[in-house]
Amino acid sequence: VHHSLGCCSKLIQLNLSLCASLKRFPCVNVESLEYLSVACCYSLEKFPEFHGRMKPEIEIDMLVSGLREIPSSIFQYQTHVTELDLSCMINLVALPSSICRLKSLVSLNVSGCPKLESLPEDIGDLDNLDKLDVSNTLISRLPSSILRLNKLKILRFGGVRNSLWWHFEFPLVAEGLRSLETLCLEDCNLTDGGLPEDIGSLSSLKKLNLRGNNFEHLPRSIAQLGALRSLDLSNCQGLTQLPELPPELNELHVDCHMALKFIHDLVTKRKKLQRVELHDADNDSIYNLFAHALFQSISSMRHDISAS
């Protein structure tokens, strides 16, 4: 890109998306700029320098770009931004701390950034954040300030596939995250102790996805999640027993061997449970085996009722 671009003070739109071979351009004049796109510029690792004062309403698209870092100056004037999608930036290694000044931000998505290892320590300053997606990253630790996000409803984590050395630990809840309704910790390589013992303090939680983890036991306080309606424990190969389930749970995702092991308990003690989804039943014989066990449990329950 020619260096004269830095002199174009009346430039309103600059769209460089899908310029896969673009490695750099020196600068851009942003005095009049309303839209800038470097989306799908896979070879672009460094953002250009800005000339002039950025307009607050400027829209910048960086999706699926090769940028390693995002200049802090981008967020200094964008206090009005409500949604920020930085997903699939394959070389992104860090987020600038200035992102925490976006007081109007409702949704932040950095999913699919496989080199991103941390969130800014002051992420809890985003008072209005409703949704945070950091799935398929290398983030393994949450800043303690995240517990101050009391408007957060959706929180998604998940590791980069095939990264066996990576594992995630969720901090003690300590009565934070009071509005959280959906928590996804799929494929986080969670082991025993990776979930906080006080997870039952998440009083608004309706959906908990723990699919594909490596723990053997779950915190007992899961039974205290009074609002929980859906729990996914499928593909948790090390899980030796089902925890005491919350009283209002109506949907459970488990592997077939676990369902067969505890089928009598599921039938007799889980009055609100409406759906059990088996995730490793890949042939009719397994389904038939489960159906037979289910029929036996129901028959046994009817016999107990008639005997009493």
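These are my notebook entries on what I looked up in this structure.

**Entry 1: the model as a whole**

I began with the status of the coordinates, and this is a predicted model. I looked up the confidence next: the pLDDT averages 82 over the chain, and 81% of the residues score at least 70. Over residues 301-308 the pLDDT is below 50, and I found two contacts for this stretch beyond near neighbours in sequence. I keep that stretch in mind when I look at the end of α4, which is assigned to 284-307.

I then listed the secondary structure and got four helices and 14 strands. The chain has 308 residues, and 46% of them are buried. For contacts with a separation of 6 or more, I noted that 43% join residues 24 or more positions apart. The exposed area of the chain is about 15500 Å², with 48% of it supplied by carbon and sulfur atoms.

**Entry 2: Ser98**

I went to the loop between β6 (83-85) and β7 (107-109), where Ser98 lies. Is Ser98 buried or exposed? Its relative accessible area is 2%, so I entered Ser98 as buried; the cut-off for buried is under 20%. I set aside the neighbours within four places in sequence and found Ser98 in contact with Ser72 and Phe75. For Ser72 I also have a polar contact: its backbone oxygen is 3.0 Å from a polar atom of the Ser98 side chain.

**Entry 3: Thr137**

Thr137 belongs to another loop, the one between β8 (131-133) and β9 (154-157). I read a relative accessibility of 0% for Thr137, so this residue is buried. Which backbone atom does the side chain of Thr137 reach at 3.3 Å? I found that it is the nitrogen of Ile139. A polar atom of the Thr137 side chain also lies 2.9 Å from the backbone oxygen of Val134.

**Entry 4: Gly193**

I placed Gly193 in the loop between β10 (182-185) and β11 (207-209). With a relative accessible area of 59%, Gly193 is exposed, because the exposed class begins over 50%. I looked up its separation from Glu169 as well. The two residues are 24 apart in sequence, and their C-alpha atoms are 7.7 Å apart in space.

**Entry 5: His279**

His279 lies in the loop between β14 (275-278) and α4 (284-307). I read a relative accessible area of 31%, so His279 is entered as partly exposed. Which residues is His279 in contact with, leaving aside its neighbours within four places in sequence? I listed Arg211, Ser234, His253, Val254 and Asp255. I also checked Cys256, which is 23 residues from His279 in sequence and 6.9 Å away in space, C-alpha to C-alpha.

**Entry 6: empty space inside**

Rolling a probe the size of a water molecule over the atoms shows where empty space is left. I searched the whole structure and found one cavity of 30 Å³ or more. How much space lies in the largest cavity? The volume I noted is about 40 Å³. For the lining of the largest cavity I wrote down Leu233, Cys236, Leu239, Val254, Asp255, His257 and Met258. Val254 and Asp255 had come up in Entry 5, as contacts of His279.

Definitions and conventions
Residues are numbered from 1 along each chain as its sequence is written. This is a predicted model: local features need pLDDT of at least 70, side-chain atom pairs count only at pLDDT 80 or more; totals for chains, interfaces and linings use all residues. Side-chain values use heavy atoms; hydrogens and water are left out. Helices (H or I, at least four residues) and strands (E, at least two) are DSSP runs, numbered from the N terminus. Buried means under 20% relative accessible area, exposed over 50%, partly exposed in between (1.4 Å probe, protein chains only). Contact means heavy atoms within 4.5 Å. Accessible areas come from the Shrake-Rupley method with a 1.4 Å probe; for residues, only the protein chains shown count as cover. A polar contact is a pair of N or O atoms within 3.5 Å; within protein, one must be able to donate a hydrogen and the other to accept it, and residues adjacent in sequence count only if both atoms are side-chain atoms. pLDDT is the predictor's confidence in each residue, from 0 to 100. On a 1 Å grid over the protein atoms alone, a cavity is a set of points where a 1.4 Å probe fits but cannot get out, and a pocket is an open set with protein on both sides within 12 Å along at least five of seven lines; lining residues have an atom within 4 Å of a point. Grid points are joined across faces, edges and corners, and a volume is the space filled by probe spheres set on the points.
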